[in-house]
Amino acid sequence: MTKQIGRRRWLALCGTSSVLGLAGCLGGSSDDTETGGDSEEATNGDDEQEGDAADSNADTETTSGLTIGHNTQTGRYVFEGGIPSAMEAGNDPDEFIWDVTSLDGYDATVEATFIEYSVLGDTETMSLTASPDVPEPSMTNPSQIGEGYDISELLPTRMVERWFPNYLLGEVDLETLAVGTELDPEVSSITFDVVGTETYAGIEGYVLESWLLNEEYLGNYCVSPEHAMVIAGEEYDDDRDEVTYRLELVSYEG
């Protein structure tokens, strides 16, 4: 029997708040033991060091904590997704176009289009501002990408789960990803192993395998830190013998 990881089951497993938190705080301090006649010089030296440290921390703040909710690149991303067995039988894949036309910090102006070929080529399009500054995921709004925007209004649930799993990976610092790392969520029975890298449409990403209770294999995500985006994903059946859903980036024009 084919397994479908539905939104309700994912959220029951992962909670309604951000699930994965990687504590990462870079900083430093220096102790000056000199006193006496050189105190003013030492103080000035301390001020300079503190200024350097502040600059370093400022740089850290702007470069760390990068998540899939952020937007870092303009360009036109084209994804295809569907059930592999259906596509092998001749069905066209569904298509998702994420066209980032401009950036304002980490906010992106986007034209998003979904073409569902399985339903007579139905097309849905919406213009939106995608932003990392959104409410935390909840049971009713698990896939928000901007204030008032829920990507599931545009995409079927399974494509949402593969492409924008912010209630699973929402607080993962993408800049900390490295092959061989295990990501342990703060509140969840889901863990992720970073097992390798893959490239789609010229973009390289890290492959994260997801496990329930470290025993049941759920599927995988390929995540690009450079583009702050999931660029591929697979969902498997219970026996891990067959891919029941696949999504991947097939074209990118920067």
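**Entry 1. Terms and model**

Two strands count as paired when DSSP finds at least two bridges between them. I apply this rule to a predicted model. I checked confidence before anything else: the average pLDDT of the protein is 76, and 71% of the residues score at least 70. Residues 1-63 have a pLDDT below 50, yet this stretch has 85 contacts in the model beyond near neighbours in sequence. Where pLDDT is low, the predicted coordinates should not be read in detail. I therefore leave the contacts of residues 1-63, with their pLDDT below 50, uninterpreted.

**Entry 2. The sheet**

I traced the strand order next. Ten strands make an open sheet in the order β4-β3-β2-β1-β12-β11-β10-β9-β8-β7, and the pairing is antiparallel. The edges are β4 (122-130) and β7 (182-183), each of which pairs on one side only.

**Entry 3. From β1 to β3**

I followed the pairs β1-β2 and β2-β3. Strand β1 (residues 75-82) is antiparallel to strand β2 (residues 94-104), with seven bridges joining them. In this pair, glycine 75 lies opposite valine 100 of β2. On to β3 (residues 107-116): β2 is joined to this strand by nine bridges, again antiparallel. I noted that tryptophan 98 has alanine 112 in β3 as its bridge partner. The connection of β2 and β3 is a hairpin with two residues between the strands, and in its turn glycine 105 has a positive phi of about 70°.

**Entry 4. From β7 to β10**

I then went to the β7 edge. β7 pairs with strand β8 (residues 190-200) in the antiparallel sense over two bridges, and leucine 183 stands opposite phenylalanine 192 in β8. Ten bridges hold the antiparallel pair of β8 and β9, where glycine 196 faces valine 207 of β9 as its opposite residue. β8 and β9 form a hairpin with two residues between the strands, in which alanine 201 takes a positive phi near 50°. Strand β9 (residues 203-212) also runs antiparallel to strand β10 (residues 216-224), to which seven bridges join it. Tyrosine 206 is placed opposite valine 223 in β10.

**Entry 5. Nonpolar cores**

Which residues have the most contacts inside the largest nonpolar core? I find Phe96, Trp98, Ile151, Leu155 and Trp163, in a core of 30 residues. At least two residues of this core come from each of β1, β2, β3, β4, α4 (157-163), β9, β11 (229-236) and β12 (243-253). β3 gives the largest share, four residues.

I took isoleucine 151 for a closer look. Beyond residues up to four places away in sequence, isoleucine 151 touches Phe96, Trp98, Met126, Ser143, Ile145, Val160, Trp163 and Phe164. Apart from this core lies another, of 19 residues, including Leu183, Phe192, Leu218 and Ala228. I recall from the previous entry that leucine 183 and phenylalanine 192 also stand opposite each other.

**Entry 6. Valine 172**

I looked up valine 172, which sits in the loop between α5 (166-169) and β7. Is valine 172 buried or exposed? With a relative accessible area of 2%, valine 172 is buried, because buried means under 20%. Its C-alpha atom is 8.5 Å from that of leucine 183, a residue eleven places away along the chain.

**Entry 7. Two glutamates of β9**

I set glutamate 204 beside glutamate 209. Glutamate 204 is in strand β9, as is glutamate 209. In a regular strand the side chains alternate between the two faces of the sheet.

Why does glutamate 209 count as buried? Its relative accessibility is 16%, and the cut-off for buried is under 20%, so glutamate 209 is in the buried class. Setting aside neighbours within four places in sequence, I list its contacts as Thr191, Phe192, Asp193, Val195, Tyr217, Gly219, Asn220 and Arg240.

Glutamate 204 has 49% relative accessibility and therefore counts as partly exposed, since exposed means over 50%. Its contacts, with neighbours within four places again left aside, are Thr197, Glu198, Thr199, Ser224 and Ile231. For threonine 197 I note a polar contact, side chain to side chain, at 3.4 Å from glutamate 204. For isoleucine 231 I note a separation from glutamate 204 of 27 residues in sequence and 8.7 Å between C-alpha atoms.

Technical notes:
Residues are numbered from 1 along each chain as its sequence is written. This is a predicted model: local features need pLDDT of at least 70, side-chain atom pairs count only at pLDDT 80 or more; totals for chains, interfaces and linings use all residues. Side-chain values use heavy atoms; hydrogens and water are left out. pLDDT is the predictor's confidence in each residue, from 0 to 100. Contact means heavy atoms within 4.5 Å. A nonpolar core is a set of buried Ala, Val, Leu, Ile, Met, Phe, Trp, Tyr and Cys residues joined through side-chain atoms within 4.5 Å. Buried means under 20% relative accessible area, exposed over 50%, partly exposed in between (1.4 Å probe, protein chains only). A polar contact is a pair of N or O atoms within 3.5 Å; within protein, one must be able to donate a hydrogen and the other to accept it, and residues adjacent in sequence count only if both atoms are side-chain atoms.
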